[in-house]
Amino acid sequence: MTDHRMRIRRTMVERDAELAIVDEALDQLTGPGPDAGGALLAFSGPAGFGKTTLLAELRRRAHARSCTVLAARGGEQEQSQPFHVARQLIQPQLAGTSEQELRAALGSWYSIVGPALGLCAPEQGAPPDPQGLRDGLDWVLTHLVVKRAPVALVLDDAHWADPESLSWLAAFAPRAELLPLLLVVAYRPDELPAHADAFRTLPGRAGQTPLPLAPLTPAAVAALVREALGDQADDAFCKEAWAVTGGNPFEAVELTAKIRGRGLRPVEENAPQLADLAAAQRGSGLVARLERLGPSTVRFAWACAVLGTAIPQDIAARVAALGTEEAAGATARLRAARILSAAGSPSDHEPGTGLEFVHPLIATAIYQAIPDALRVALHGKAAAAVVDAGLGSSAAARHLLETHPENDPWVVRTLREAAAENLRAGAPDAARRQLARALREPPDFDERAAVLYELGCASLLTEPANTVNHLRAALAEPFDDPALRQGIVIRLAQVLAHSDRLAEASESLAREIAQTSDVRARLRLQSEQFMWDAFNAAETDSPARSRRLARLADRLTGRDLTERYVIALRAWDACLRGEPVDVVLHHAGRVLERPFSWAHEDRGFEVPVLAAMVHMYADRPGRAEELFEAGTAEFERQGWRGAHLSFAYSLRAYIRYRRGRLVEAEELARSGLRLAERVGRRTPVHWYAIAILLTTLLARGRVDEAWELAQEHQFGAPFPAAVVFPDSQTVYAELLLARGEVRAAVTELESVDRRLTPRGIQNPAWCPWQLHLARAVASEDPQRARALAADAVRRARAFGAPSAIGQALRVAAEVAAPRDRTELLREAVTLLSASPAGYELARALAALGYGLRDADLLAASVVTARECGADGLVEEATEILTGMGGALPAARPRADWVTEEEIRAADLAVRSEKEPGPASPDWVLSAACRKLGTDRSGLRAALEAFARSSA
């Protein structure tokens with residue numbers, strides 16, 4: 001039997017229960033039948049309690065069952081190196097794969113996860129957000145597991161894993177039971193970081209918490225001693241061996257090796273010597289033993305301790321300033337002393353990949369024994385050595401983080417390169433640490449502003465307050481780089497706006513605009529200011545800003561991206577102010593003559609979103625969806641799967657709501673909310689997601705569910721400073737009105753009036769507060785209700801979108817005198833039947849059918865409401881219809897596709913000059929408008945888009 005096998009067998013003493021659990025999990029993983037599947041195992045215990053040996057045995061048993069084994073180990077010195085553990089797990093499985101094969105295998109995830117896993121260099125452009133990267137890593141690991149099942153993923157020393165890898169694995173872990181994957185982690189419970197607390201609650205095989213490893217009993221230590229030294233070892237000697245090691249398996253095994261090496265007889269009279277032998281395995285005793293091996297060996301051991309795990313012998317030799325032969329001799333002496341070993345366990349049948357310490361306890365003791373000044377110097381030498389070895393700036397950065405500032409330009413340059421690489425790879429926290437260290441070096445006088453700017457960019461997602469400080473400090477530096485200054489100001493405005501400090505964002509841009517002489521640079525800053533002012537719900541100068549924007553945009557040609565941004569903002573402003581829909585669409589069309597990226601590296605996504613949304617309000621929701629689909633795909637390709645994707649899903653849900661496709665709207669809104677929850681509650685993206693989902697639930701007739709959702713998510717005052725659509729306070733008032741809390745609803749809606757009217761926002765298609773307020777006050781003040789509704793109708797007609805006019809007419813009829821209602825409702829039905837607004841059409845049909853006691857109209861209302869998924873309206877209209885003795889229309893499957901008959905009707909409408917009469921809606925054309933997502937005036941463009949998509 002080899003020494004290695006003997007060691008494994010000995011150190012497995014009193015681990016039968018744990019090994020039985022391992023075997024049970026492996027049996028479940030590899031067994032046949034429906035009960036086969038994955039599992040989670042977590043082992044915890046102090047240093048030296050046998051976690052590594054237990055996992056090595058688990059890996060051996062997994063190999064014996066023909067499992068694919070993914071193995072990684074956290075390193076005390078590698079914790080600051082992002083994705084160190086993820087690379088250990090996944091890189092070996094993809095080794096030898098060409099770039100072409102990797103691109104084919106990973107698909108759209110290649111450029112997102114490739115840099116993090118060290119498979120490719122980061123591409124230029126905006127980096128993926130952390131959530132997008134985690135989603136990509138989830139996909140890669142899931143793909144590997146399915147392709148190479150069954151799989152055992154084993155992570156040792158999880159407490160030392162880098163934060164990026166550990167937070168990803170902690171979130172992924174619950175999926176193991178749904179895959180052919182056994183996921184096993186081992187850690188020291190007192191050292192597990194907060195971002196990995198999920199591992200503390202992972203269920204064991206019997207529903208218990210992670211399995212703690214117990215110290216060995218006196219009997220177990222006696223068995224180890226006698227196995228190594230012979231049965232003649234007496235009880236007193238064995239008991240003392242247990243006492244000096246505390247039942248620590250590693251210390252017990254090492255002690256028996258020392259006893260055997262010394263030739264010490266295992267009898268009671270020699271028992272007093274065991275305390276000194278045990279002490280030589282740790283702390284000062286280990287250091288003293290190392291020093292006896294000679295100065296060159298000590299230096300080599302120190303170099304290895306600084307380098308961490310999987311230590312290349314040639315790099316260690318350079319750090320220790322040893323020649324090749326000296327390094328080989330030192331390696332041999334350290335291996336003989338059971339301090340170093342070849343990396344990689346023979347039990348895994350894997351080739352060695354350098355050197356590693358026999359146990360992390362030894363590495364820690366030696367690292368801590370290095371004199372402070374010398375340790376710092378060794379890290380500096382290690383940084384230079386790994387760069388010279390071609391391992392890159394990121395590998396050097398973890399060493400430079402441990403050095404003292406020395407005003408070294410090379411250090412600043414290397415840290416900036418590493419930070420840029422990590423930022424593009426999706427590790428902003430690592431980039432932030434590296435740039436903060438570069439700032440302390442410090443950088444040269446003319447470089448400091450750039451470093452502060454980069455630090456602000458790296459801190460944007462995680463530390464917005466610090467980002468503001470960094471960027472303001474950068475602006476205070478004396479430097480002569482107009483492009484850098486502009487970038488700093490724009491980034492500062494962005495982080496202020498995203499922190500709900502929109503007025504400060506605008507002010508910071510205004511100050512810079514006043515000092516900027518270059519015309520194009522000033523226009524870029526103006527475009528940013530116009531954008532953040534547009535989102536500021538408390539803006540005091542809105543009408544004047546609108547006039548300035550109109551004058552500027554109307555003379556621009558759209559020759560570059562900045563001009564197109566200004567024109568898009570003009571389209572949005574025109575929409576909010578209720579200018580004619582033709583004006584709105586004219587400006588939007590100027591913007592979209594050429595592709596308009598939603599993921600431009602140094603631009604936000606807000607303006608492209610606004611350019612798409614104006615089409616929805618202008619009764620072109622089909623075009624809006626087309627733009628959103630392209631933008632969402634761009635987000636996904638870029639790896640933006642946090643706030644960006646949540647906004648995209650939520651706003652697409654709103655578009656579906658406006659089209660009357662309420663079931664799909666609810667599904668999309670819930671997807672948007674799930675993503676928003678990962679970003680954080682009461683953030684802008686969370687307000688959007690909740691407002692849109694509440695609006696959809698109310699349309700579906702589920703008032704109680706909407707109220708419970710609002711309470712759960714604290715949807716109410718104080719409302720956000722940023723503009724949200726649909727307007728949050730108006731949605732809240734609509735919810736109160738649906739619950740019968742009329743006075744509270746009136747209070748909220750009057751507050752909306754005071755907030756929006758001074759800003760000149762008067763388009764009821766954007767915010768129908770007047771219509772809700774008219775309904776709320778109708779019973780107590782019918783004259784006021786009619787005046788509000790009439791003004792809303794006037795505003796809607798000025799805007800010109802049929803759906804907005806039809807909705808306003810329906811509410812005007814609801815609060816009108818009985819003699820006036822029919823005419824208003826007939827016009828509403830006519831307009832809505834030639835619009836894409838299916839839900840509003842169903843409501844108008846129900847109101848008109850009820851008023852005229854017309855069973856056919858009520859039946860049409862039931863059919864349309866069913867198609868929309870407006871369950872509450874279906875129930876209400878059905879009750880009225882059956883109460884009149886009318887026949888309930890038969891349920892039929894909803895057909896989302898456009899029929900040939902509907903295409904012919906649309907084509908005829910395009911070629912015809914005749915507008916529909918007030919009493920003769922064309923129901924085939926009506927269906928075409930809803931399915932194509934347009935009103936009658938947009939049919940030509942919609943048919944062309946339909947033809948392109950069908951080709």
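Let's start with a strand pair. Strands E3 and E4, the latter at residues 181–187, pair in the parallel sense over five bridges. One contact to find on your screen: Leu153 has Leu183 in E4 as its bridge partner. Keep in mind that this is a predicted model.

How do E3 and E4 belong together with a helix? Helix H8, residues 163–172, joins the two strands in a β-α-β unit. That unit is right-handed.

Now the other neighbour. Strand E2 covers residues 68–73. E2 and E3 run parallel too, and six bridges join them. Here, Ala72 has Leu155 in E3 as its bridge partner.

So, on to E3 itself. Is strand E3 enclosed or open? Six of its six residues, 151–156, are buried, so E3 is largely enclosed by the rest of the structure. Buried here means under 20% relative accessible area.

Let's look at the faces. In a regular strand, side chains alternate between the two faces of the sheet. In E3, one side holds Val151, Leu153 and Leu155. The other side holds Ala152, Val154 and Asp156. Both faces are covered.

Last stop: a helix. H42 runs from residue 838 to 852, which makes 15 residues. From first C-alpha to last, H42 reaches 21 Å. That is close to the 21 Å expected at 1.5 Å a residue.

Which residues of H42 are buried? Among them are Gly838, Tyr839, Glu840, Leu841 and Ala842. Further along, the buried ones include Leu845, Leu848 and Gly849.

And what follows H42? Arg853 does, and its phi is positive, near 55 degrees.

Conventions
Residues are numbered from 1 along each chain as its sequence is written. This is a predicted model: local features need pLDDT of at least 70, side-chain atom pairs count only at pLDDT 80 or more; totals for chains, interfaces and linings use all residues. Side-chain values use heavy atoms; hydrogens and water are left out. Helices (H or I, at least four residues) and strands (E, at least two) are DSSP runs, numbered from the N terminus. The expected span of a helix is 1.5 Å times one less than its number of residues. Buried means under 20% relative accessible area, exposed over 50%, partly exposed in between (1.4 Å probe, protein chains only). Two strands pair if DSSP finds at least two bridges between them. A crossover is right-handed if, with the strands pointing away from the viewer, the path from the first strand over the helix to the second runs clockwise.
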